[in-house]
Amino acid sequence: MREYLNKLTGFGKEYWKFWIASAVSMAASNILQFVLSLYVLDITGSATIFALMLSIVFVPRLILTPFAGVLSDKVDRSGLMGRVLMAESVVLFVYSMMSFFIPIKVALVFILVLLLEMGEVFYNACEGAIIPLLVDEDKLKDAIAVSKSDDGIVFVISPIIAAFIFTNINLTAAFVFVTILDFAAGILQFSIKTRQQKNESDDEKIHFIRNFKEGVRVILENNKLRNLAMTIPVINAFFGATFSVSILYLIREVYNMNAYYYGMYNSVTAITTVIVPLVVLPVVSKAEPGKIFSISTKLIATEIAIIGLVVLLSLRSVVPIMAALLMIIALDCMTIAEAIPMQIAMSVLIQTNVKKELLGRVTTTVGMLSMISVAIGEMLFGVLNDTFIVYVSIFVGAIGVGIGSIMYSIVDKYHIYAKREEKGWILQR
């Protein structure tokens, strides 16, 4: 235990300030997303409109990612993250005032989501590449794994807070609360001092298109990164939409449960995200990241298929609804237990195969591909849930994740075979 505590303190003060700022800003984002999701679904009752709200984020992702990735490699990442959080605070403050005087229509919600996502593109470009500037290289894997634990803490607390605000107070209170959180996180982010992130010989001018192409070239020239870029979008499209669209629609519209049940569902499953990063840390630090990714995705596909079966049986009155919800929670916890090692493995693969000065543009390129695919998946699942019984979309989710996992394994084995052949390890007839 003492050795583990020494490892945590060895990350340094700047890392822990980033950890706290990241947790607070993530809490603000999650609370607002939770409240807006319930709000839009309640006033429209349409899974398609709700999914459209989630999926329109691909627009700023597609347009701004080339600029965000390059910019995060050229400027102080912590400072840029702080400025983004301050700008979001201003937008949220304006919406706080508006909601006090007028009803917030769906169109205004869409505008808010787009504005905040514009900031998130730049914030995430820096967040995905800042840890190597805060800790020594020999501590990088451990620091990445520990950084995932704040995700779990936030995911446990934020649904409870959001459900309470949405049910007992109003939308204005939610806007005010997340404004305060974003502002506090921004102040803390400005205080973080990172190490030098660019070469002294680096051109001071920022050539966005040229630099973005350079990041794309890094991915294309590296077999491991290219495989991730091909398969992560497929997996995330079906994995993310299954839980962000189908499960919410199931609980709120099909099972007709109130916001507290959905909040409980999110909080209970989120406990897994607190425990798992700490438990899997010894395994992740020793195992080959590609193998972790392959195994995790196959297990996730299987568990989503079982969730679909549970929903099918509950809607045919074979399994009571509350029993079905408990089984879905348990299965979701299992998918999270596999998804976290998968995410850590993905981060390790990227951050150990890319130079520090190129990390921003590489991570944002992979993130852009993933976000666009998630948006497409959410739209698909919104239409599926409005057209068919909800378990159909869940089974589609299992099939999609399974296809992505098989793609990764096939391409990975091909690269290993080709590498051995190049080195003469395979006998020729």
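**Exercise 1. Which residues do ring pairs link into a cluster with Trp 16?**

Solution. This is a predicted model, in which local features need pLDDT of at least 70 and side-chain atom pairs count only at pLDDT 80 or more, while totals for chains, interfaces and linings use all residues. Residues are numbered from 1 along each chain as its sequence is written, and side-chain values use heavy atoms, with hydrogens and water left out.

Step 1 is the criterion: rings of Phe, Tyr and Trp (its six-membered ring) pair if their centres lie within 6.5 Å, and planes under 30 degrees apart count as stacked, over 60 as edge-to-face and the rest as tilted. Step 2 applies this to the cluster, where ring pairs link Trp 16 with Tyr 15 and Trp 19. Step 3 widens the search to the whole structure, which yields seven aromatic pairs. In one of them, Phe 100 and Phe 101 have ring centres 5.1 Å apart and planes at 85 degrees, so this pair is edge-to-face. Phe 100 is exposed at 61% relative accessibility, and Phe 101 is exposed at 66% (buried means under 20% relative accessible area, exposed over 50%, partly exposed in between, with a 1.4 Å probe and protein chains only).

**Exercise 2. Determine which side chains meet in a salt bridge with a distance of 2.6 Å, and which helices they lie in.**

Solution. A salt bridge requires a side-chain nitrogen of Lys or Arg within 4 Å of a carboxyl oxygen of Asp or Glu, and a search of the whole structure finds one. The side chains that meet are those of Arg 252 and Asp 42, at 2.6 Å from N to O. Arg 252 lies in helix 11 and Asp 42 in helix 2 (residues 13-44), so the pair ties together parts that are 210 residues apart in sequence. Helices here are DSSP runs of H or I with at least four residues, strands are runs of E with at least two, and both are numbered from the N terminus. As for accessibility, Arg 252 is buried at 10%, whereas Asp 42 is partly exposed at 39%.

**Exercise 3. Describe the surroundings of Glu 303, which is buried yet has no salt bridge.**

Solution. First, locate the residue: Glu 303 belongs to helix 13. Next, look for a partner of opposite charge (Lys and Arg count as positive and Asp and Glu as negative, with His and the chain ends not counted); the nearest such side chain, that of Lys 298, is 14 Å away. Then turn to polar atoms, where the side chain of Glu 303 reaches the backbone nitrogen of Thr 335 at 3.3 Å. Finally, leaving aside neighbours within four places in sequence, Glu 303 is in contact (heavy atoms within 4.5 Å) with Leu 331, Met 334, Thr 335 and Glu 338.

**Exercise 4. State where Asn 256 and Ser 317 are found and give the phi of each.**

Solution. Begin with the background: most residues other than glycine have a negative phi. Asn 256, although not a glycine, has a positive phi of about 60 degrees, and it is found in the loop between helix 11 (223-254) and helix 12 (259-286). Ser 317, also not a glycine, has a positive phi of about 65 degrees, and its place is the loop between helix 13 (289-315) and helix 14 (321-353). To complete the description, Asn 256 is exposed with a relative accessible area of 64%, and Ser 317 is exposed with 67%.

How values were computed. Polar contact = N/O pair within 3.5 Å; in protein donor to acceptor, adjacent residues only side chain to side chain.
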